[in-house]
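Trainee: Let's go through this model together. I want the reasoning behind each label.

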Amino acid sequence: MDDYKEFLYRRRPHYRALDPGDLSAQLAIRERLQCRSFSWFMKEVAFDLTKKYPPVEPPLTAEGEVW
């Protein structure tokens, strides 16, 4: 997810504490296949995704208790 991981961490801060393990094999495949960046994917393929799923948590519109 490259830099987009920060958007995920803002929504799910506890994910920062998770250990993803050794990613060297996945990174080597990405390099060998000359994959494009996640940023490219978001701009060229999933350009409309942020309309339904904003990268940051939207502000609360209401709060309180349900009785």
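**Labels and the reasons for them**

Mentor: Start with Met42, which lies in helix H3. This is a predicted model, so keep that in mind throughout.

Trainee: Why is Met42 called buried?

Mentor: Buried means under 20% relative accessible area. Met42 has 12%, so the label is buried.

Trainee: What does Met42 touch, leaving out residues up to four places away in sequence?

Mentor: Tyr4, Phe47, Leu49 and Thr50. Tyr4 is 38 residues from Met42 along the chain, and their C-alpha atoms are separated by 9.4 Å.

Trainee: Which residues does Ser39 touch under that sequence limit?

Mentor: Ser39, found in helix H3, touches Asp2 and Tyr4. From Ser39 to Met1 the C-alpha distance is 7.9 Å, with their positions 38 residues apart in sequence.

Trainee: What makes Ser39 partly exposed?

Mentor: Its relative accessible area is 22%. Partly exposed runs between the 20% and 50% cut-offs, so Ser39 qualifies.

Trainee: How many salt bridges does the whole structure hold?

Mentor: Two. In one, the side chains of Asp2 and Arg30 meet at 2.8 Å, N to O.

Trainee: Why does the Asp2 and Arg30 pair tie together separate parts?

Mentor: Asp2 lies in the segment before helix H1 (5–11), while Arg30 sits in helix H2, so the pair ties together parts 28 residues apart in sequence. The label itself needs a side-chain nitrogen of Lys or Arg within 4 Å of a carboxyl oxygen of Asp or Glu, so 2.8 Å passes.

Trainee: Are these two residues buried or partly exposed?

Mentor: Partly exposed: Asp2 has a relative accessible area of 30%, and Arg30 has 28%.

Trainee: How do you know that Glu6 forms a salt bridge with Arg16?

Mentor: The closest N and O atoms are 2.5 Å apart. The cut-off is 4 Å, so the pair counts as a salt bridge. Glu6 lies in helix H1 and Arg16 in the loop between H1 and H2, so this pair ties together parts 10 residues apart in sequence. Glu6 counts as partly exposed, at 30% relative accessibility.

Trainee: Now the rings. How many aromatic pairs does the search find?

Mentor: Three. One of them joins Tyr4 and Phe7, with ring centres 5.5 Å apart and planes at 55 degrees.

Trainee: Why is the Tyr4 and Phe7 pair called tilted?

Mentor: Stacked needs planes under 30 degrees apart, and edge-to-face needs over 60. At 55 degrees neither applies, so the pair is tilted. The centres also pass the 6.5 Å limit for pairing, at 5.5 Å. Phe7 is partly exposed, at 27% relative accessibility.

Trainee: What makes Phe38 and Phe41 a tilted pair?

Mentor: Their centres are 5.8 Å apart and their planes stand at 35 degrees. That angle is neither under 30 nor over 60, so this pair is tilted.

Trainee: Why are Phe38 and Phe41 separated by about one helical turn?

Mentor: Because they are three residues apart in helix H3. Phe38 is partly exposed at 25% relative accessible area, and Phe41 is partly exposed at 34%.

Trainee: Which residues do ring pairs link into a cluster?

Mentor: Tyr4, Phe7, Phe38 and Phe41.

Trainee: Which residues form the nonpolar patch on the surface?

Mentor: Trp40, Phe41 and Val45, with about 250 Å² of accessible area together. Patch members need over 30% relative accessible area, and Phe41 meets that with 34%.

Trainee: What makes Gln34 exposed?

Mentor: The cut-off is over 50%, and Gln34 has a relative accessible area of 69%, so it is exposed. Gln34 is found in the loop between helix H2 (24–32) and helix H3 (38–44).

Trainee: What is the phi of Gln34?

Mentor: Near 55 degrees, a positive value in a residue other than glycine. Most residues other than glycine have a negative phi.

Trainee: Why does Arg10 count as exposed?

Mentor: Arg10, in helix H1, has 54% relative accessibility, which is over 50%, so the label is exposed. The C-alpha atoms of Arg10 and Cys35 are separated by 26 Å, with the residues 25 apart along the chain.

Trainee: Where is confidence lowest, and where is it highest?

Mentor: Lowest in helix H4 (residues 49–52), at a mean of 81, and highest in H2, at 95. The chain averages a pLDDT of 87, and 97% of the residues score at least 70.

Technical notes
Residues are numbered from 1 along each chain as its sequence is written. This is a predicted model: local features need pLDDT of at least 70, side-chain atom pairs count only at pLDDT 80 or more; totals for chains, interfaces and linings use all residues. Side-chain values use heavy atoms; hydrogens and water are left out. Helices (H or I, at least four residues) and strands (E, at least two) are DSSP runs, numbered from the N terminus. Buried means under 20% relative accessible area, exposed over 50%, partly exposed in between (1.4 Å probe, protein chains only). pLDDT is the predictor's confidence in each residue, from 0 to 100. Patches are made of residues with over 30% relative accessible area and no salt bridge: like charges are joined within 9 Å, nonpolar side chains (Val, Leu, Ile, Met, Phe, Trp, Tyr) within 5 Å. Accessible areas come from the Shrake-Rupley method with a 1.4 Å probe; for residues, only the protein chains shown count as cover. Contact means heavy atoms within 4.5 Å. Rings of Phe, Tyr and Trp (its six-membered ring) pair if their centres lie within 6.5 Å; planes under 30 degrees apart count as stacked, over 60 as edge-to-face and the rest as tilted.
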